[in-house]
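Got your viewer open? Let's take a short walk through this model, one selection at a time.

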Amino acid sequence: MTRIALDPFVRDLDGESAALRAAGPLAEVELPGGVHMYAVTRHAEARALLTDSRVVKDINVWNAWQRGEIPMDWPLIGLANPGRSMLTVDGADHRRLRTLVAQALTVKRVERLRAGVEALTNASLEKLAALPAGEPVDLKAEFAYPLPMNVVSELMGVDAADHPRLKELFEKFFSTQTPPEEVPQMMADLGTLFTKIVDDKRANPGDDLTSALIAASENGDHLTDEEIVNTLQLIIAAGHETTISLIVNVVEALQTHPEQRKKVLNGEIGWDGVIEETLRWNTPTSHVLIRFATEDIEVGDRILPKGEGLIISFGALGRDEEQYGPTAGEFDAARTPNRHIAFGHGPHVCPGAALSRLEAGIALPALYERFPELDLAVPASELRNKPIVTQNDLYELPVELGCPFGGDKK
């Protein structure tokens, strides 16, 4: 089996995903830092593995971890070993933590955020409209980033004053280019910041998810401080990064497919279709780290060996022709059915999927209603991915807004 090195600079994600699919349903890969593991690259095999009890989240199953080959200054250590939360446990422990989180992250609580998402979207659009006319705007920095970060912070009860520090730390947390000597301190700083947030909420509880997690219980079984801190970090990290990329990727897809954009804006294609197709075709999450095999597992015509690490390559399996047919590599906002698994599958499916869809479903129609002439300010070929192997994330999205509401320029 040929080993595929994942590019730490993510210079050609589409090409990398195609190479992974071509390697078969299970590809041997090398992550930045020389860490070896396997990647599942096909839809059907991914669904099966995501519900296979022989594939677990316990890092102690990993051969390389047991042998002491994974240093604590590995740039991806925070993704490989983020601490105890519902992300890193299985079976009864996972059900316990997931149930307690679900008591706080209810459909009703998410729906209650709708008015706040609408207000934050309108405020962001007002700021965009107030920018100097005719000058390119980084839509990611000015629109796609503030909305999800403000929404998830409101949900979790995180003060806006913490946003700059969170942004700085998460940049290092996800990047493959964080110097090894900075990794331990970065991890410690994240722990300190989230511990402070939890301590503040314990002293002054509010109507937010962090306070609800502290109070949540199942048969008198409360989350530990470590579990609350790690869950808070997990939801903040995943809750804004995925939605930022989703909004950015939808805009890029529409601007590079003008005929479909026209149909969306005149109502021939619904926004739900655009969002779901973008999740499949240009998924916000390129690879998810890590699961571990407790025994040898057949994956198509390959074997995932016992004790080896497995990543789910969503960027590859989202364009699997065996699942989506010969047009899998094409963007089609009217595609139906579109049964992608961009938010995962099985017990560890993303609990924030509904919130991400809610935000995108409000923000994107409002953006194009306000700025129907919006266009990319640079060729799509010049857009640059950030050095993050787990996220399909651009440095910036330069656009020209055009006239608000499509009116004549003054």
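**Stop 1: a small sheet**

Start by selecting strand E13, residues 398–400, together with E12: 2 bridges join them, and the two run antiparallel. Keep in mind as you click around that this is a predicted model. Now pick Asp 375 and look across into E13, where its bridge partner is Glu 400. Add E5 to the selection and you have an open sheet of 3 strands in the order E5-E13-E12, with antiparallel pairing. Strand E5 (137–138) and strand E12 (375–376) are at the edges; each has a single partner strand, so one side of each has no neighbour in the sheet.

What holds such strands side by side? Strands of a sheet pair through backbone hydrogen bonds, either parallel or antiparallel.

**Stop 2: a lysine in a helix**

Next, select helix H8, residues 139–144, and find Lys 140 in it. Is Lys 140 buried or exposed? Its relative accessible area is 8%, which is under the 20% cut-off, so Lys 140 counts as buried. Show what surrounds it: leaving aside neighbours within four places in sequence, Lys 140 is in contact with residues including Tyr 145, Ile 244, Val 248, Asp 393, Tyr 395 and Glu 396.

**Stop 3: the six-strand sheet**

Now go for the open sheet of 6 strands, which has the order E1-E2-E3-E11-E8-E4 and mixed pairing. Its edge strands are E1 (3–5) and E4 (55–56), each pairing on one side only.

Select E2 (26–31) and E3: they run antiparallel, joined by 6 bridges. Here Glu 28 stands opposite Tyr 38 in E3. The two strands form a hairpin with 3 residues between them, and Gly 33 in the turn has a positive phi of about 95°.

Stay on E3 (35–40), which is mostly covered, with 5 of its 6 residues buried. With strand E11 (309–312), E3 pairs in the parallel sense over 3 bridges; look for Val 40 opposite Ile 312.

Then hop to E4, which 2 bridges join to strand E8 (288–293) in an antiparallel run. Val 56 has Phe 292 in E8 as its bridge partner.

**Stop 4: a pocket**

Finish at the second largest pocket, which holds about 330 Å³ of space. Which residues lie nearest its centre? Select Asp 14, Glu 252, Asn 282, Asn 385 and Asn 392, out of the 17 that line the pocket. Helix H1 (13–22) and helix H13 (225–255) are the elements that give two or more residues to this lining. Colour the lining by type and you'll get 6 nonpolar, 5 polar and 6 charged residues.

Technical notes:
Residues are numbered from 1 along each chain as its sequence is written. This is a predicted model: local features need pLDDT of at least 70, side-chain atom pairs count only at pLDDT 80 or more; totals for chains, interfaces and linings use all residues. Side-chain values use heavy atoms; hydrogens and water are left out. Two strands pair if DSSP finds at least two bridges between them. Helices (H or I, at least four residues) and strands (E, at least two) are DSSP runs, numbered from the N terminus. On a 1 Å grid over the protein atoms alone, a cavity is a set of points where a 1.4 Å probe fits but cannot get out, and a pocket is an open set with protein on both sides within 12 Å along at least five of seven lines; lining residues have an atom within 4 Å of a point. Grid points are joined across faces, edges and corners, and a volume is the space filled by probe spheres set on the points. Ala, Val, Leu, Ile, Met, Phe, Trp, Tyr, Cys and Pro count as nonpolar, Asp, Glu, Lys and Arg as charged, and the others, Gly among them, as polar. Buried means under 20% relative accessible area, exposed over 50%, partly exposed in between (1.4 Å probe, protein chains only). Contact means heavy atoms within 4.5 Å.
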